[in-house]
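Here is a look around a protein model for someone meeting it for the first time. Have the structure open as you read.

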Amino acid sequence: MVYHNLKGVQSQTVADERALIQQESAAIRASFREEDSFARHNNIAKLLYIHMLGNPAHFGQIECLKLVASPRFSDKRLGYLGIMLLLDEKQEVLTLVTNSLKNDMNHSNMYAVGLALCTFANIASEEMSRDLANEIEKLLGSSNTYIRKKAALCALRVVKKVPELADHFITKAKNLLTDRNHGVLLTAITLVSEMCAIDTAILDEFRNAVPLLVRNLKSLVTTGYSPEHDVSGITDPFLQVKILRLLRSLGRGDEKASETMNDILAQVATNTDSTKNVGNSILYETVLTVLEIEADSGLRVMAINILGKFLTNRDNNIRYVSLNTLNKVVSIDTNAVQRHKNIILDCLRDGDISIRRRALELSYALINESNVKMLVAELLVFLEIADDEFKLGMTTQISLAAERFAPSKRWHIDTALRFIKLAGNFVREEVLSAFIRLVAHTPELQGYTASKLYAGLKADISQESLTLAATWVIGEYSEILLESGLTTEDQPTPPTDKDLTDLLISILDSPYANQLTRQFVLAGITKMASRPTTRPAQQERIAEILAQYTTNPELELQQRAVEFASLYNLADLREGVLERMPPPEIKATVMGTSSEKKPVGSTKASTAEASLLGDDDIPTASSGSATMQSNQDLLAEIFGSSSASSTMPVASPTAPAPKSNPIDDILGLYPSASSPPPAAAPPAAAMQSLFDPSPAQSPPPPPAQPQLQAYSAYEKNGLTITLTPQTSPAHPGVVLVLVRFNNSSPGPVTGLNFQAAVPKSQQLQMSPMSNPTTQKMKITAPPGSNVRLRLRIAYTIGGQGVQDQVDFSGFPPGITSA
C-alpha cells in the first residue's frame with residue numbers, strides 16, 4: 001500500500017521522497033474526481049500527512065468540506081481537522097464553512113458541537129464572527145459544561161475580531177463567573193479580561209463582580225487536597241493566576257474594589273507555599289496585583305518583602321523577575337526596597353550577566369543621602385571587576401550620585417578620583433567636565449587633588465580620562481602643587497617642576513596618547529611654563545617641545561604649538577593669557593540614558609559645518625508637539641502675539657556683527673571686544689614669532705568671504721521665506737540652510753508655524769531659533785543628489801487663517817557634491 005510507503009518516506013532520499021509525494025498526490029486527486037465517499041476519509045488522512053511534511057495539500061480543501069457534511073462523526077472529526085490545518089481566515093473557501101459550522105453548533109451530539117466550536121475558535125474571520133455571534137451567545141447558556149467552556153473561547157475569538165460585539169456577551173459572561181466548573185470559570189475569566197481591556201465601560205460594569213471573584217479565589221486557597229485540580233500541592237494554580245490578573249485590572253484606580261480584595265490578597269501571600277515554582281508564580285502575580293491596585297501601605301510592604309525573598313532563590317529566572325519588578329516599584333516605596341539592599345548588592349556578583357545588569361540598575365535607584373557612602377563604595381568595588389559594557393554607565397551614575405548626595409567636597413573628589421583611576425577609558429566627557437568644575441570651585445583642595453592626580457598618572461598612563469584630568473589640573477595648579485609640598489603614600493617625596501614636566505612630556509610619546517591628550521599636554525605645559533614656580537631650564541625645555549610641534553602634520557596640534565610658542569615673545573601678554581582660569585559656572589550634569597555610548601574625546605560638529613549657523617553644536621529637532629509648539633510660540637512672539645496689546649509687525653533682520661581683525665585678536669587669543677582699533681595696532685616686532693627670524697609684518701587682510709545666495713521658497717500675502725544654503729568641500733552631502741522670514745505687509749503676521757520635510761533618502765535637523773527672524777536647518781543627503789524640501793506654512797494675517805504647502809527644489813543641482 002502506498003500509505004505504508006508514506007509512513008517511511010522520511011527514511012528515503014530527497015528525490016525519492018519528492019517522487020513518492022507527487023505520485024501519491026496524483027492518486028489522491030484521481031480518487032477525488034471519482035467521488036468515492038468511502039475512500040475520501042483515507043485520502044484526506046494521507047493528504048494531511050503530506051501537509052505535515054511541508055508539501056502542497058490545498059487541493060483537498062473542498063473535500064474536507066464534504067467530510068464535514070457527512071453524518072458520520074469520524075468523518076466530521078477528520079474534516080474539521082483538515083479545515084483547521086489547510087484553511088485560515090484569509091481563504092475565500094472559508095465562507096463555505098460558515099453554514100456547516102452553524103448546523104453543527106445546533107447538533108444533538110455534544111461532541112459534534114465541540115468540533116464546530118473548536119474549528120470556529122481557530123479559524124473564524126471577522127465576517128464569520130459577525131454571522132455566528134448569536135449562535136455563540138446562545139451556546140454560552142448551555143447546560144453542558146463541555147459546550148459552555150468551548151463557547152466561551154469562541155466568544156473570546158469574536159471579541160478579538162469584532163470588539164464592538166463585546167456588549168452581546170456581558171450578561172452571559174457574568175453568569176459564567178458563578179460556574180462551579182473550573183474549566184468553565186477559567187475560560188470565562190479569560191473572556192472577561194479581554195472584554196475589560198477593550199472597553200472601559202465594560203470594565204466599570206464588571207467591578208461589581210469583585211466580591212464574587214474574591215470568593216472564588218478564597219475557595220481555591222482554603223480548599224483541601226483536590227486530586228482533580230492539584231498541581232504540586234496547590235489547587236488549580238492556573239485559575240488562581242487568572243483571577244489575580246482580572247482583580248488587578250478591576251482594582252486599578254478604584255479604592256472600593258481594592259479594599260474588597262485586600263484581605264484575600266494578604267491571605268494568598270501568606271498561605272501560598274514558596275518552595276515550589278508553582279507557588280512562586282502565584283506569589284508573583286499576587287505581588288503585581290498588590291502593587292497596581294490601591295492597596296494599603298502594609299500590603300505593599302509585604303509584597304516588596306516577597307520580592308526580596310525571591311532574591312534568595314537559587315533559580316536565576318526568579319531572581320531576574322524579582323529584580324526587574326523591584327526596579328519598577330522602587331519609586332513607589334523606596335524605604336521598603338532599601339531593606340533588601342544587601343541582597344541586591346550580592347546580586348552584583350552573580351554569574352548571570354542579566355541579573356548583574358538589573359541589580360546594578362536597582363542599586364543606582366537606592367542611593368540617597370543616608371547610604372551614599374556605603375552604596376558608592378560597593379559600586380566602586382564592583383567597578384574593578386565589572387565587564388567593559390557596564391563601566392561607562394557605572395562611572396556616569398556614580399558621578400551623578402556623588403554630585404547629588406556627596407556629604408563633603410573631599411569625599412566627592414576622592415570618589416571621582418577613584419572611578420577615574422579604575423575606569424578612565426570609560427568616562428563621559430560631561431562627567432570629566434563636571435569633575436574639573438568641582439576642582440575649580442574647591443580651592444582648598446586643589447593642591448590635594450593635583451597631588452593625587454600626579455601620583456595616579458605616574459602609576460598608570462593608560463587611562464584616558466585620568467590623563468586628561470591630571471594634565472589639566474597639573475597645568476592649571478602646578479604652583480599650588482609645588483608650593484604645598486604635599487605627599488601621599490604613592491608619592492613619599494614632594495614633586496619638583498622637573499618631575500611634573502617629565503611626566504607630562506612622557507605622555508606625548510606614549511602609545512596610549514591620541515590627538516586630544518596631546519592637545520591637553522601642550523596647553524598644560526604652556527601654562528606650567530608661565531608659572532613662577534617653573535625654573536628657566538624647564539621653560540626652555542617646554543619651548544623646545546612647542547617648537548618641535550610647530551611642524552606637526554596634525555593641524556590642530558600645529559596650530560596650538562605655533563600660538564603657544566608665539567606667546568613666549570609677548571612677555572606682557574603671556575601671563576595675562578595663561579593665568580589661572582576663573583572657576584566655570586556650576587551646573588548640574590545632565591545625562592541621557594546609561595546605555596548611551598559617548599566616550600571622552602568625542603568631537604562636536606566642525607566649525608566649517610556650523611559656520612553658517614553660528615554654533616558648533618546643532619541640536620536635533622524633535623518632531624513632537626512640544627518642539628513644534630515651542631517653535632510656534634517663538635515665531636508668534638516675533639511676528640506679534642494674538643492679543644491686540646502686543647501685536648507688532650515683523651522687524652527687519654539685524655545686521656551681522658563685523659568680523660574681528662586677526663591682528664587685533666592676537667592669533668585668536670582675545671575676543672574682538674577687547675581689541676584696540678586697527679589704527680592703534682601693536683608694533684610689528686611684538687608680533688614676531690619665536691621661530692621666525694625674519695622681521696614680522698602685518699598679516700595681509702583676510703580673503704573676502706564668498707557671497708551666499710538666498711533662494712525664495714515662499715512669497716504670498718506679504719510673507720516671504722528665503723533659504724540660504726552653505727556647503728563645505730570637507731563635508732560633501734551636508735547642506736546648512738538658513739531660513740529667513742520677512743513680513744512686508746502693513747499688518748502683523750501671527751501664529752506662524754513652519755514645518756519642513758525631506759525624502760526618505762535624506763535627513764533633516766532643525767535647531768532652535770537663535771535670531772528673531774531666522775530658523776536653521778541641517779540637511780544630510782547622499783553626495784551628488786539634489787535637495788528637495790516640502791514646506792508647510794500656517795499663519796494668520798488680517799484675521800484670516802492661511803495654510804499653504806509648497807515643494808522646493810530650487811537649490812543648484814549637485815549642491816551636495818560641494
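What follows goes through one helix, one loop residue, two sheets and a pair of cysteines.

## Ground rules

This is a predicted model, so a few limits apply: local features need pLDDT of at least 70, side-chain atom pairs count only at pLDDT 80 or more, and totals for chains, interfaces and linings use all residues. Residues are numbered from 1 along each chain as its sequence is written, and side-chain values use heavy atoms, with hydrogens and water left out.

Helices (H or I, at least four residues) and strands (E, at least two) are DSSP runs, numbered from the N terminus.

## Helix α22

Let's start with α22, which covers residues 372-385. The expected span of a helix is 1.5 Å times one less than its number of residues. With 14 residues, α22 should span 20 Å, and its end C-alpha atoms are indeed 20 Å apart.

Which residues of α22 are buried? They are Val 372, Leu 375, Val 376, Leu 379, Leu 380, Phe 382 and Leu 383. Here, buried means under 20% relative accessible area, exposed means over 50%, and partly exposed is in between (1.4 Å probe, protein chains only). Looking down the axis of α22, the buried residues fall within an arc of 165°, so they line one face of the helix. That arc is taken from the directions from the helix axis to the C-beta atoms. The buried residues pack against α20 (341-346), α21 (353-366), α23 (388-405) and α24 (409-422), where contact means heavy atoms within 4.5 Å.

## A proline in a loop

Pro 494 sits in the loop between α27 (464-484) and α28 (497-508). Its relative accessibility is 43%, so Pro 494 counts as partly exposed. Pro 494 and Leu 481 are 13 residues apart in sequence, and their C-alpha atoms are 8.6 Å apart in space.

## The five-stranded sheet

Now for the strands, where two of them pair if DSSP finds at least two bridges between them. Five strands make an open, antiparallel sheet in the order β3-β4-β5-β8-β7. At the edges are β3 (711-716) and β7 (763-767), each with a single partner strand, so one side of each has no neighbour in the sheet. The twist averages 20° from one strand to the next; axes are lines fitted to C-alpha atoms, for helices over the stretch in contact, and angles run from 0 to 180 degrees between N-to-C directions.

At one edge, β3 pairs with β4 (residues 719-727) in the antiparallel sense over five bridges, and Tyr 714 stands opposite Ile 721 in β4. The two strands form a hairpin with two residues between them, and Asn 717 in the turn has a positive phi of about 55°. At the other edge, β7 and β8 (residues 774-780) are antiparallel, with five bridges. Met 766 has Met 777 in β8 as its bridge partner.

## The three-stranded sheet

Another open sheet has three strands in the order β6-β9-β10, again with antiparallel pairing. Its edge strands, β6 (749-757) and β10 (800-808), each pair on one side only. Neighbouring strands of this sheet are turned by 10° against each other on average, direction ignored. Seven bridges join β6 to the antiparallel strand β9 (residues 789-797), and the bridge partner of Ala 756 in β9 is Leu 791.

## Cysteines

How many disulfides does the model have? The count is zero, taking a disulfide as a pair of cysteine sulfur atoms within 2.5 Å. For Cys 154, the closest cysteine sulfur is in Cys 118, 8.0 Å away and too far for a bond. Cys 154 is buried, with a relative accessible area of 0%, and Cys 64 is buried at 1%.
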